[in-house]
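Subject: Structure handover

Hi,

Here is the structure I said I would pass on. Have a look at it first, and my notes follow underneath.

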Amino acid sequence: MKKEVLRLIFPQWQGGIIAHWMPDLPADDASLGYYLGAHLLNFLAPDVGQRTVEVPVSLDVNDRHTKNGIISYDAILKQTKAAMELLCQENPERIVTFGGDCAVSVAPFTYLMAKYSGDVAVVWIDAHPDINLPGDAYEGYHAMALTACLGIGDEKLMKMLPAKTKASKALLVGLRSWDEGMRERQVQLGIDGFAPADMKNNSEAVLDWLNVRGVTKVVVHFDLDVLDPAEIIAGVGVEPDGMKIAEVVRLINDISVRFDLVGLTIAEPMPRIAIKLKNMLADLPLLC
């Protein structure tokens with residue numbers, strides 16, 4: 001079983017425009033926080049002998065030019081291509097992805113959609129819907145990640161992806177924050193969703209939704225900002241009244257028991273304390 005699972009480290013950070021949300025951190029360190037966060041997630045996760053590969057990601061903080069309505073477009077294009085090439089080379093049956101911004105799910109999820117044609121549902125556990133499009137006011141690609149999985153977005157990026165899913169096979173869980181116009185877009189696209197309160201006692205609402213979809217396989221995107229900041233602040237977003245850690249863990253495990261969990265992404269880590277410790281160590285004698 002271990003050989004069937006590929007551990008994909010994808011420390012992409014360019015999809016986010018986030019420094020202004022963390023004024024206590026140097027702007028470049030905040031932007032690159034996803035990069036450090038992805039490696040920390042990999043370090044902290046149990047070592048169970050899985051094959052591990054890493055998508056090469058640029059660390060050039062000056063390469064932030066907007067093109068086609070997406071910030072750092074050229075870097076994201078290059079990194080998406082590299083991720084797809086790695087996945088095709090490895091040909092995994094299941095993928096665990098450590099990100100990085102939310103867009104790190106796009107390559108592995110669409111790869112799995114192609115591999116298991118028509119038999120995959122997407123459960124997107126996130127405080128935000130991630131259904132922005134190029135041309136919207138917010139130009140971060142991480143906010144366009146779910147629409148990219150639906151095959152909606154920049155033409156050049158969409159052509160790189162091997163498959164897409166229908167909106168009827170995508171579910172938002174833990175949703176409680178929308179940019180302007182995103183509530184209406186969610187309805188227009190026909191994407192169902194559940195609030196954190198719907199997950200308080202059990203996972204039945206999600207399991208029932210999956211049963212109706214008629215699929216056997218599921219991919220799960222877990223954005224750490226879905227978690228309640230009253231319990232832990234692990235992601236960029238700090239939206240009140242989120243899901244508890246135990247609720248998210250229970251939900252993902254319940255899905256895994258009832259369905260074939262072929263993809264799991266943990267995304268949007270922002271290790272604020274680790275960044276501050278790193279900067280402190282860099283200022284100490286004999287270490288610089």
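Asp136 is a good place to start: leaving aside neighbours within four places in sequence, Asp136 is in contact with Met182 and Arg185. You'll find Asp136 in the loop between β6 and α5 (145-149). A polar atom of the Asp136 side chain also sits 2.7 Å from the backbone nitrogen of Leu133. Before you read on, keep in mind that this is a predicted model.

Now the open space, since I expect you'll want that early. The largest pocket holds about 580 Å³. Its lining takes in 20 residues, and those nearest the centre are Gln50, Val96, Phe98, Leu264 and Ile266. Four elements give two or more residues to that lining: β1 (5-10), α2 (33-44), β5 (94-99) and β10 (260-267). Which of them gives the most? That would be β10, with five residues. Sorted by class, the pocket lining comes to 14 nonpolar residues, three polar and three charged.

There is closed space as well. With a lower limit of 30 Å³, the count is one cavity, and about 40 Å³ of space lies in it. Phe10, Gln12, Thr80, Ala103, Val106, Ala107 and Tyr141 line this cavity. By class, five of the lining residues are nonpolar and two are polar, with no charged residue.

Next, helix α8, which covers residues 204-213. Its buried residues are Val206, Leu207, Trp209 and Leu210. Why do they belong together on one side of α8? Because they cover an arc of only 160° around the axis, they lie on the same side of the helix. Among the elements that cover these buried residues are β6 (120-125), β7 (170-173), β8 (192-194), β9 (217-223) and α9 (245-258).

Val212 is in α8 too. Is Val212 buried or exposed? At 63% relative accessible area, Val212 is over the 50% cut-off, so it counts as exposed. If you are checking distances, Val212 and Lys169 are 43 residues apart in sequence, and their C-alpha atoms are 9.7 Å apart in space.

Both ends of α8 have something to look at. Ser203 is in the loop between β8 and α8. The relative accessibility of Ser203 is 1%, which is under 20%, so this residue counts as buried. Not counting residues up to four places away in sequence, Ser203 touches Arg250, Leu251 and Asp254. The C-alpha atoms of Ser203 and Glu247 are 8.4 Å apart, with the two positions 44 residues apart in sequence terms. Just after α8 comes Gly214, which takes a positive phi of about 70°.

A few backbone angles are worth a look if you plan to go through the geometry.

- Gly99 and Gly100 are joined by a cis peptide bond, with omega at about 20°. Gly100 is in the loop between β5 and α4 (106-115).
- Asn68 is not a glycine, yet its phi is positive, near 55°. The residue is in the loop between β3 (66-67) and β4 (70-71). With 43% relative accessibility, Asn68 falls between the 20% and 50% cut-offs and so counts as partly exposed.
- Glu268 is another residue other than glycine with a positive phi, here about 65°. Its place is in the loop between β10 and α10 (272-282). Glu268 has a relative accessible area of 3%, so it counts as buried.

Last one: Asp29, in helix α1 (residues 27-31). Which residues does Asp29 contact, once neighbours within four places in sequence are left aside? They are Ile275 and Asn279. Asp29 and Gly235 are 206 residues apart along the chain, and 14 Å separates their C-alpha atoms.

That's what I have for now. Shout if you'd like to go through any of it together.

Cheers

Note on methods
Residues are numbered from 1 along each chain as its sequence is written. This is a predicted model: local features need pLDDT of at least 70, side-chain atom pairs count only at pLDDT 80 or more; totals for chains, interfaces and linings use all residues. Side-chain values use heavy atoms; hydrogens and water are left out. On a 1 Å grid over the protein atoms alone, a cavity is a set of points where a 1.4 Å probe fits but cannot get out, and a pocket is an open set with protein on both sides within 12 Å along at least five of seven lines; lining residues have an atom within 4 Å of a point. Grid points are joined across faces, edges and corners, and a volume is the space filled by probe spheres set on the points. Ala, Val, Leu, Ile, Met, Phe, Trp, Tyr, Cys and Pro count as nonpolar, Asp, Glu, Lys and Arg as charged, and the others, Gly among them, as polar. Buried means under 20% relative accessible area, exposed over 50%, partly exposed in between (1.4 Å probe, protein chains only). The arc is that of the directions from the helix axis to the C-beta atoms. Contact means heavy atoms within 4.5 Å. A polar contact is a pair of N or O atoms within 3.5 Å; within protein, one must be able to donate a hydrogen and the other to accept it, and residues adjacent in sequence count only if both atoms are side-chain atoms.
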